[in-house]
Amino acid sequence: MLTLHKLLVALAISMVILFTSCSTDDDNNTPSIDYTTAENLLNDINFQGYAIITKNGNDLVRQGFGLANENTGLPQEYELAYRIGSVSKTLTAAAIVQLKRDGYISNYNQTLNEFDSEFPNGNQISIAQLLSHQSGIPDYQFVVEDAAAQGEILDEEDIYEVIFELITENGLNFTPGAGKQYSNSNYLIAALLVQELTQMPYHDYIQQNIFNPLEMNNTFKGIDDINPNTHAEGYNNGNANSVYPINLAFGAGDFSSTPKDMETWTNAVKTNWFTTAEKNDIFAQDVPSGYVDFGLGWFTTQEGNTTLYWHGGDINGYWSMIGFIPEYDATIVLLSNKQDDTGTERNTIIEQLLTNEFNQ
């Protein structure tokens with residue numbers, strides 16, 4: 001486990017994350033904010049996007065900031081689509097839970113060799129280690145993005161072969177279960193497992209089991225070029241940056257969604273979409289105050305007596321976060337169309353909210 005500030009920064013810059021005994025005493029790099037309210041906080045850091053922050057059944061923030069499209073003047077809207085990046089991983093993890101409900105898997109400790117006997121080191125890597133980033137499988141992202149930039153067209157099966165070759169040639173980054181390293185490869189493999197076992201496309205399985213029951217009518221697999229009439233334009237340093245080969249993010253970050261649907265999903269997870277037993281499997285338990293740990297598709301941050309369950313996402317032109325705090329019946333949805341390469345905005349918001357607004 002890592003301290004809150006260090007883990008958030010590490011995630012933002014894709015650093016290797018291993019167990020450590022660091023304490024919050026080492027963390028003095030939080031930006032100084034003239035904090036008075038959640039709305040002022042978002043204004044102070046120049047947040048651009050749509051934000052929902054609730055507490056004890058009341059809205060602290062429910063509004064857009066800035067424009068969704070600077071050329072057309074399109075406003076940020078509750079039912080406008082945004083790329084959500086790795087927040088998609090919460091949906092993939094939920095699909096794996098649904099596999100267990102449907103009897104396609106018996107438990108999360110089943111190993112990958114049961115599904116692909118030739119997968120390198122597959123007998124050492126469990127489903128739970130995939131979902132909690134404890135597999136040691138190297139991340140494919142930069143390899144395939146470089147290939148795509150050179151004109152190669154890759155689908156999820158091609159990327160699976162890339163992962164296979166990375167492990168065959170270089171081995172795992174660490175012994176499964178001995179460390180933690182955020183890796184998109186884990187979730188692409190998990191999504192492929194959904195397809196293999198159900199004989200149904202991954203996105204269709206999620207549509208059938210999550211979106212349809214919850215009436216999440218505007219969450220969908222993204223496309224390479226967004227529709228500027230129904231989707232926020234993404235920006236990086238003031239320039240439009242919304243084009244991305246979305247197949248590269250299969251299972252790990254390829255959904256677009258609206259603030260409305262993400263609020264629905266977050267509230268469902270907060271309440272009863274998972275059973276109590278499933279929540280005990282999914283959310284990291286016994287996290288010390290001041291630390292963050294991985295669960296199965298969700299992070300757990302503990303600050304004093306306050307627990308935040310959350311996930312963030314970053315993809316060209318966008319960043320996102322969803323989360324909830326049971327002690328305050330709080331829901332947090334942040335969908336931004338302004339790229340934040342270092343994760344500074346998300347880090348600041350989390351730290352300031354836990355310090356000032358949700359601080360039992």
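The exercises below, each with a worked solution, concern a predicted model.

**Exercise 1. Strand order**

Task: Determine which strands lie at the edges of the open three-stranded sheet, and what stands opposite K221.

Solution:
- Step 1. Write down the order of the sheet, which is β6-β10-β7, with antiparallel pairing.
- Step 2. Look for strands that pair on one side only; these edge strands are β6 (82-83) and β7 (220-221).
- Step 3. Take the contact between β7 and β10 (residues 255-257): the two strands run antiparallel and are joined by two bridges.
- Step 4. Locate K221; the residue opposite is F255 in β10.

**Exercise 2. Classifying two aromatic pairs**

Task: Classify the ring pairs F119 with F164 and W298 with F324, and state where the partners lie in the chain.

Solution:
- Step 1. Recall that a pair of aromatic rings is described by the distance of the centres and the angle of the planes.
- Step 2. Recall the cut-offs: centres within 6.5 Å make a pair, and planes over 60 degrees apart make it edge-to-face.
- Step 3. For F119 and F164 the values are 6.1 Å centre to centre and 85° between the planes, an edge-to-face pair.
- Step 4. Place the partners: F119 is in the loop between α3 (88-101) and α4 (127-131), while F164 belongs to helix α6 (residues 156-170), 45 residues apart.
- Step 5. For W298 and F324 the centres are 5.9 Å apart and the planes stand at 70°, so this pair is edge-to-face.
- Step 6. W298 sits in the loop between β11 (291-294) and β12 (299-303), and F324 sits in strand β14 (residues 318-325); the pair therefore ties together parts that are 26 residues apart in sequence.

**Exercise 3. Buried or exposed?**

Task: Decide whether F119, W298 and F324 are buried or exposed.

Solution:
- Step 1. Use the cut-off: under 20% relative accessible area is buried.
- Step 2. F119 has 4% relative accessibility, so F119 is buried.
- Step 3. W298 has 1% and is therefore buried.
- Step 4. F324 has a relative accessible area of 3%, so F324 is buried.

**Exercise 4. Helix α9**

Task: Describe the length of helix α9 and how much of α9 is covered.

Solution:
- Step 1. Helix α9 (residues 259-270) has 12 residues.
- Step 2. From first C-alpha to last, α9 reaches 16 Å, close to the 16 Å expected at 1.5 Å a residue.
- Step 3. Nine of the 12 residues are buried, and α9 is mostly covered.
- Step 4. Among the buried residues are P259, M262, W265 and V269, but also the charged-type names D261, E263 and K270 appear in the list.

How values were computed:
Residues numbered from 1 in each chain as written. Predicted model: local features only at pLDDT ≥ 70, side-chain atom pairs only at ≥ 80, totals over all residues. Heavy atoms only, no water. Pairing = 2+ DSSP bridges. Helix = DSSP H or I, 4+ residues; strand = E, 2+ residues; numbered from the N terminus. Phe/Tyr/Trp six-rings, centres within 6.5 Å; stacked < 30°, edge-to-face > 60°. Buried < 20%, exposed > 50% of the residue type's maximum accessible area, 1.4 Å probe, protein only. Expected span 1.5 Å × (residues − 1).
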